[in-house]
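Biologist: I have a chain in front of me and want to learn how to read it. Where do we start?

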Amino acid sequence: MIRVKRKLFMEPTKNEWEERAVLNPTVIKDNKGTEHMFYRAVSKDMISSIGYAKITNGKIKRFDKPILTPTKKWEKMGVELLNLSITPYSTPIHFIIIQI
């Protein structure tokens with residue numbers, strides 16, 4: 001049997017928009033070495049938003065407010081990250097869908 005240790009690196013907070021769940025993180029590293037993390041956050045009333053965190057030297061600094069929230073009628077349950085996989089064996093690629 002193989003035992004896998006898992007470490008939780010993000011948890012819900014007391015911020016209303018992310019107090020139920022945080023999930024689906026995607027990290028992008030820029031050419032200066034800073035990592036930018038986008039993630040789905042779920043409020044107590046089950047509305048999804050997109051959160052942002054900056055990772056510097058392994059430390060996560062989360063923004064207090066979401067960067068993307070539902071604004072249209074058809075987004076009444078929230079906005080999400082689109083998760084695509086090229087093959088069943090590849091790492092998922094996340095895209096942020098923004099309505100303009």
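Modeller: Start with the core, and keep in mind that this is a predicted model. The largest nonpolar core has eight residues. They are Met10, Trp17, Val22, Met37, Tyr39, Ala41, Ala53 and Ile55.

Biologist: Which elements give two or more residues to this core?

Modeller: Two do: β2, residues 35-42, and β3, residues 48-56. The most comes from β2, with three residues.

Biologist: Is there a second core, or does that one stand alone? Which residues does a second, separate core include?

Modeller: A second core, separate from the largest one, has five residues. Among them are Phe38, Ile50, Tyr52 and Leu68.

Biologist: Take one core member. What does Val22 touch, beyond residues up to four places away in sequence?

Modeller: Read the contacts by where the partners sit in sequence. Val22 touches Met10, Glu11 and Pro12. Tyr39, Arg40 and Ala41 are also partners of Val22, and so is Arg62. Of these, Met10, Tyr39 and Ala41 belong to the largest core, as does Val22.

Biologist: Now the fold. How many helices and strands are in the chain?

Modeller: Zero helices and six strands. Along the sequence the pattern reads β-β-β-β-β-β.

Biologist: In which sense do β1 and β2 pair, parallel or antiparallel?

Modeller: To read a pairing, look at its sense and its bridges. Strand β1, residues 21-29, pairs with β2 in the antiparallel sense, over seven bridges. Within that pairing, look for opposite residues. Val27 stands opposite Met37 in β2, and Met37 is one of the residues of the largest core.

Biologist: What about the turn of that hairpin?

Modeller: Check the loop length, then the backbone angles. Five residues lie between the strands of the β1 and β2 hairpin. Gly33 there takes a positive phi near 90°.

Biologist: Thr34 lies in the loop between β1 and β2. Why does Thr34 count as buried?

Modeller: Compare its relative accessibility with the cut-off. Buried means under 20%. Thr34 has 16% relative accessibility, so it counts as buried. Then list its contacts, leaving aside neighbours within four places in sequence. Thr34 is in contact with Ile28, Lys29, Lys54, Ile55 and Thr56. Ile55 is a member of the largest core.

Biologist: And for the whole chain, what share counts as buried?

Modeller: Of the 100 residues, 27%. The accessible surface comes to about 8,200 Å², with 55% belonging to carbon and sulfur atoms.

Biologist: Last one. How do I read contact range?

Modeller: Take contacts between residues at least 6 apart in sequence, then ask what share joins residues at least 24 apart. In this chain that share is 35%.

Conventions: Residues are numbered from 1 along each chain as its sequence is written. This is a predicted model: local features need pLDDT of at least 70, side-chain atom pairs count only at pLDDT 80 or more; totals for chains, interfaces and linings use all residues. Side-chain values use heavy atoms; hydrogens and water are left out. A nonpolar core is a set of buried Ala, Val, Leu, Ile, Met, Phe, Trp, Tyr and Cys residues joined through side-chain atoms within 4.5 Å. Buried means under 20% relative accessible area, exposed over 50%, partly exposed in between (1.4 Å probe, protein chains only). Helices (H or I, at least four residues) and strands (E, at least two) are DSSP runs, numbered from the N terminus. Contact means heavy atoms within 4.5 Å. Two strands pair if DSSP finds at least two bridges between them. Accessible areas come from the Shrake-Rupley method with a 1.4 Å probe; for residues, only the protein chains shown count as cover.
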